[in-house]
Amino acid sequence: ETDLQDLIERSFSTFDTDEVTPLVTVGDMRVLELFHGPTFAFKDVALQFLGNLFEFFMLRGRKQRAMAVLGATSGDTGSAAIHGLRGKHNVHCFITYPRGKTSEIQRMQMETITDDNTYVTP
């Protein structure tokens with residue numbers, strides 16, 4: 001239970017609000033805000049946790065000691081994966097994307113991460 005709580009706290013400490021995904025009122029509707037993670041994509045909610053979960057199991061090394069995550073993206077999935085996996089011990093992240101087919105912010109979110117375990121190529 002302590003390990004799980006630590007994983008959750010570390011995963012969502014990267015969000016810009018304590019509520020992680022606040023539920024706000026807009027007129028007469030309730031809206032769940034899913035854009036408070038490091039890449040502003042809803043995918044941050046899962047991928048921040050997944051990166052920590054992968055690292056947790058790789059550091060224990062019962063079945064394997066390292067892993068590689070391979071991804072091809074046209075936008076925010078790649079940057080969310082990179083941000084979720086950056087700096088994780090024994091977890092390597094390889095992302096490719098189509099040159100000129102992503103937004104400039106998405107390209108920069110992927111290409112400006114220089115952690116030793118992340119690799120990006122168009």
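## A tour from Ile-95

Begin by selecting Ile-95 and displaying everything it touches: leaving aside neighbours within four places in sequence, Ile-95 is in contact (heavy atoms within 4.5 Å) with Gly-71, Thr-73, Gly-78, Ala-81, Ile-82, Met-110, Tyr-119, Val-120 and Thr-121. The model is predicted, so local features need pLDDT of at least 70 and side-chain atom pairs pLDDT 80 or more, while totals for chains, interfaces and linings use all residues. Residues are numbered from 1 along each chain as its sequence is written, and side-chain values use heavy atoms, without hydrogens and water.

**The whole chain.** Now zoom out and colour by secondary structure, which shows four helices and five strands, where helices (H or I, at least four residues) and strands (E, at least two) are DSSP runs numbered from the N terminus. If you follow the chain along its sequence, these elements come in the pattern α-β-β-α-β-α-β-α-β. Taken along the principal axes, the C-alpha atoms of the protein fill a box of roughly 50 × 45 × 20 Å. Of the 122 residues, 36% are buried, with buried meaning under 20% relative accessible area, exposed over 50% and partly exposed in between (1.4 Å probe, protein chains only). Among the contacts with a separation of 6 or more, 65% join residues that lie 24 or more positions apart.

**The core.** Select Ile-82, Val-91 and Ile-95 next, since these residues have the most contacts inside the largest nonpolar core, a group of 14 residues. Such a core is a set of buried Ala, Val, Leu, Ile, Met, Phe, Trp, Tyr and Cys residues joined through side-chain atoms within 4.5 Å. Two or more of its residues come from each of α2 (44-60), β3 (67-72), α3 (76-85) and β4 (91-96), and the largest share, four residues, is given by α3.

**Two partners of α3.** Keep α3 in view and add α2, whose axis comes within 7 Å of the axis of α3 and crosses it at roughly 35 degrees; axes are lines fitted to C-alpha atoms, for helices over the stretch in contact, and angles run from 0 to 180 degrees between N-to-C directions. On the α2 side, show Asp-44, Leu-47, Gln-48, Gly-51 and Phe-54, and you will find that they meet Thr-77, Ala-80, Ala-81, His-83, Gly-84 and Leu-85 in α3. Then exchange α2 for α4, which packs with α3 at an angle of about 25 degrees, the two axes being 9 Å apart. Here Asp-76, Gly-78, Ser-79, Ile-82 and His-83 of α3 meet Gln-106, Gln-109 and Met-110 of α4.

**Three loop residues.** Move on past α4 to the loop between α4 (104-111) and β5 (118-121), where you can select Thr-114. Thr-114 counts as exposed because its relative accessibility is 67%. Add Arg-86 and draw a line between the two C-alpha atoms: Thr-114 and Arg-86 are 28 residues apart in sequence, and this line is 8.5 Å long.

Go next to Val-20, in the loop between α1 (2-12) and β1 (23-26). Although Val-20 is not a glycine, it has a positive phi of about 65 degrees, and with a relative accessibility of 15% it counts as buried. Finish at Asn-90, which is placed in the loop between α3 and β4. Asn-90, again a residue other than glycine, has a positive phi near 65 degrees, and it counts as partly exposed because its relative accessibility is 33%.
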